Amino acid sequence: MEFKSHMDKALAEARAAAERGEVPVGAVIVSTDGQVVAAAGNRTRELNDPTAHAEILALRAACAEAGSERLPGHDLYVTLEPCAMCAAALAAARIRRIYYGASDPKSGGVAHGARVFLHPQAHHQPEIYDGIAAEESAELLRSFFAAQRA
């Protein structure tokens, strides 16, 4: 099976989040047959919910679609390295692979900070692929925060 990135859809979700005044992070969950089953952007401000990260919202929708709390045959595409909260949720859901764009040295939980999947307590360790559309993902974040400071 040929690899097809779904980061374009995650970037579209991130742009939509920015237009809503949210931190521009987008996530897409794809089944083993390559079908997008869920897509979301951050909605923490809109929903007044600190857990409404793009990954969590996409997980909730994909689990509802699957009728299960586990998604072992699914992959996540997300524009920013997941934080520790999201990484723990992704482990609990048994996501097969995580493809992410920009690294997050400040709040990341995969390659930085907590490094959730390296802990012996981690329920599951998905395959990780970083740097997918990293520059475009990082530029969305830089532009958003620059506009916030202006």
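A residue counts as buried under 20% relative accessible area, as exposed over 50%, and as partly exposed in between. Ala 133 has a relative accessibility of 29%, so Ala 133 is partly exposed. The structure described here is a predicted model.

Ala 133 sits in the loop between β5 and α5. Its phi is near 55°, a positive value in a residue other than glycine. Arg 94 also has a positive phi without being glycine, with a value near 60°. Arg 94 is placed in the loop between α4 and β4. A further positive phi, of about 70°, belongs to Gly 67. Gly 67 comes just after α3.

Helix α3 runs over residues 54-66 and holds 13 residues. At 1.5 Å a residue, a helix of this length should span 18 Å. The C-alpha atoms at its ends are 18 Å apart, so the expected span and the model agree. The helix has a set of buried residues. Ala 54, Glu 55, Ile 56, Leu 57, Ala 58 and Leu 59 belong to this set, as do Ala 62 and Cys 63. These buried residues pack against three strands, namely β1 (26-31), β2 (36-41) and β3 (74-80). They also pack against the helices α2 (44-47) and α4 (84-92). An α-helix has 3.6 residues a turn, so residues three or four places apart point the same way.

His 6 lies in the segment before α1 (7-19). Its relative accessible area is 8%, which is under 20%, so His 6 is buried. Leaving aside residues up to four places away in sequence, His 6 touches Val 28, Val 30, Gly 34, Val 36 and Tyr 77.

Tyr 77 is also part of an aromatic cluster. Ring pairs link Tyr 77 with Tyr 99 and Tyr 129. The structure contains three aromatic pairs. In one of them, the ring centres of Tyr 99 and Tyr 129 are 5.0 Å apart. The planes of these two rings meet at 15°, and stacking requires planes under 30 degrees apart, so the pair is stacked. Tyr 99 lies in strand β4 (residues 97-102), whereas Tyr 129 lies in strand β5 (residues 127-130). The pair therefore ties together parts that are 30 residues apart in sequence. The two partners differ in burial: Tyr 99 is buried at 5% relative accessibility, while Tyr 129 is partly exposed at 34%.

Phe 144 and Phe 145 form another aromatic pair. Their rings are 5.2 Å apart, centre to centre, with 80° between the planes. The angle is over 60 degrees, so the pair counts as edge-to-face. Phe 144 is buried, with a relative accessible area of 8%. Phe 145 is partly exposed, with a relative accessible area of 33%.

Phe 145 recurs at the largest pocket. Phe 145 is one of the lining residues nearest the pocket centre, together with Val 23, Leu 80, Asp 104 and Leu 141. The lining comprises 21 residues. Ten of them are nonpolar, five are polar and six are charged. Helix α5 (residues 134-149) supplies four lining residues, the largest share. The pocket holds about 500 Å³ of space.

Notes
Residues numbered from 1 in each chain as written. Predicted model: local features only at pLDDT ≥ 70, side-chain atom pairs only at ≥ 80, totals over all residues. Heavy atoms only, no water. Helix = DSSP H or I, 4+ residues; strand = E, 2+ residues; numbered from the N terminus. Expected span 1.5 Å × (residues − 1). Buried < 20%, exposed > 50% of the residue type's maximum accessible area, 1.4 Å probe, protein only. Contact = heavy atoms within 4.5 Å. Phe/Tyr/Trp six-rings, centres within 6.5 Å; stacked < 30°, edge-to-face > 60°. 1 Å grid on protein atoms, 1.4 Å probe; cavity = no way out; pocket = protein on both sides within 12 Å on 5 of 7 lines; lining within 4 Å. Points joined across faces, edges and corners; volume = space filled by probe spheres on them. Nonpolar A, V, L, I, M, F, W, Y, C, P; charged D, E, K, R; others polar.
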